[in-house]
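Please look over the chain shown below with its strands, turns and surface charges in mind. The notes that follow are grouped by topic.

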Amino acid sequence: MHTRRCGDAGQAFPIYITMVAGLLFLALAYFAVGQATVNRSGAQTAADAAALAAAQETRDKLAGEWLERVLDPATWDDIFNGRGAVLDGCGRANQFAVQNDAEVRSCGQGPRPLSYKVDVQSSEPVGESIVPGTENQYAEASAIAVIESRCGFKLPAENAPADALPTLDCSGQKWILDPDDLTDLPAPEDLFDVHLAG
């Protein structure tokens with residue numbers, strides 16, 4: 001009877017070893033997947049930040065252009081709709097990508113006239129793992145940021161004073177502009193909304 005129990009234990013030992021090895025392999029595989037997911041998440045964060053930074057750079061320039069032409073309301077519509085806007089915010093996109101441990105692979109106009117599409121790649125590879133080839137794999141991600149006007153206005157009536165300015169309605173907040181006192185003016189974020197698309 002004693003001999004049989006030892007025999008049963010001897011037969012169970014290889015099964016036990018196989019199960020432990022399988023569980024260890026699964027744990028390492030899950031770790032590799034988790035490592036890749038973290039890397040991918042970091043790259044997406046970098047892409048989002050880079051695209052938003054590029055769009056905010058252009059938003060600020062559009063707002064500055066509006067301030068320069070605030071006394072010429074006939075030009076406002078072109079500014080708020082981005083006609084003639086120069087999308088030169090990719091320098092800022094590069095800065096924010098680097099701050100988030102990534103590098104910009106491409107940056108330019110997105111699917112809309114006032115938008116940026118930025119593609120980034122992580123600066124560091126996924127690293128060695130049980131999955132072959134991950135030591136040379138880099139996470140990639142892309143993001144699109146859109147600039148949209150928040151404001152509407154109506155040009156003054158023909159019989160209005162020559163220097164009269166329209167009331168600016170920016171998402172429900174009204175700005176009554178006095179050409180003789182232009183101290184209280186909307187900020188860039190009041191004039192334009194910047195957000196990620198998709």
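Helices (H or I, at least four residues) and strands (E, at least two) are DSSP runs, numbered from the N terminus. In those terms, D163 is placed in the loop between β4 (151-152) and β5 (167-170). The model is a predicted one, and its secondary structure comes to four helices and seven strands.

**Overall layout**

- Followed along the sequence, the elements of the chain succeed one another in the pattern α-α-α-β-β-β-β-β-β-α-β.
- The chain has 198 residues, and buried residues make up 29% of them.

**The sheet β4-β5-β6**

- Three strands form an open sheet in the order β4-β5-β6, and their pairing is antiparallel; β4 and β6 (173-176) are the edge strands, since each of them pairs on one side only.
- In general, the strands of a sheet pair through backbone hydrogen bonds, and the pairing is either parallel or antiparallel.
- Between β4 and β5, which run antiparallel, there are two bridges: C151 has C170 of β5 as its bridge partner, while G152 stands opposite D169 in β5.
- On the other side of the sheet order, β5 and β6 also run antiparallel and are joined by four bridges, and within this pair T167 stands opposite I176 in β6.
- Which residues of β5 lie on its covered face, and which on its uncovered one? The covered face carries L168 and C170, whereas T167 and D169 are on the uncovered face.
- In a regular strand the side chains alternate between the two faces of the sheet.
- Taken with the bridges, this places C170, the partner of C151, on the covered face of β5, and D169, which is opposite G152, on the uncovered face.

**The turn between β5 and β6**

- β5 and β6 form a hairpin that has two residues between the strands, and S171, in the turn, has a positive phi of about 55°.
- S171 is a residue other than glycine with this positive phi, and its place is in the loop between β5 and β6.
- Is S171 buried or exposed? Its relative accessible area is 51%, and because exposed means over 50%, S171 counts as exposed.

**A second positive phi, at D101**

- D101, which is likewise a residue other than glycine, has a phi near 60°, a positive value, and it lies in the loop between α3 (90-99) and β1 (102-109).
- With a relative accessibility of 56%, D101 counts as exposed.

**Strand β1 and Q109**

- Q109 is found in strand β1, and its relative accessibility of 52% makes it count as exposed.
- The C-alpha atoms of Q109 and A145 are separated by 9.6 Å, and these two residues are 36 residues apart along the chain.

**Negative charge on the surface**

- Which residues gather in a patch of negative charge on the surface? The patch is made up of D163, D178, D180, D181 and D184.
- One of these residues, D163, has a relative accessible area of 44% and is therefore partly exposed, given that this class lies between the limits of under 20% for buried and over 50% for exposed.
- The same 44% satisfies the requirement that residues of a patch have over 30% relative accessible area, so partial exposure of D163 is consistent with its place in the patch.

Definitions and conventions:
Residues are numbered from 1 along each chain as its sequence is written. This is a predicted model: local features need pLDDT of at least 70, side-chain atom pairs count only at pLDDT 80 or more; totals for chains, interfaces and linings use all residues. Side-chain values use heavy atoms; hydrogens and water are left out. Patches are made of residues with over 30% relative accessible area and no salt bridge: like charges are joined within 9 Å, nonpolar side chains (Val, Leu, Ile, Met, Phe, Trp, Tyr) within 5 Å. Accessible areas come from the Shrake-Rupley method with a 1.4 Å probe; for residues, only the protein chains shown count as cover. A salt bridge is a side-chain nitrogen of Lys or Arg within 4 Å of a carboxyl oxygen of Asp or Glu. Lys and Arg count as positive and Asp and Glu as negative; His and the chain ends are not counted. The place of a charge is taken as NZ of Lys, CZ of Arg, CG of Asp or CD of Glu. Buried means under 20% relative accessible area, exposed over 50%, partly exposed in between (1.4 Å probe, protein chains only). Two strands pair if DSSP finds at least two bridges between them.
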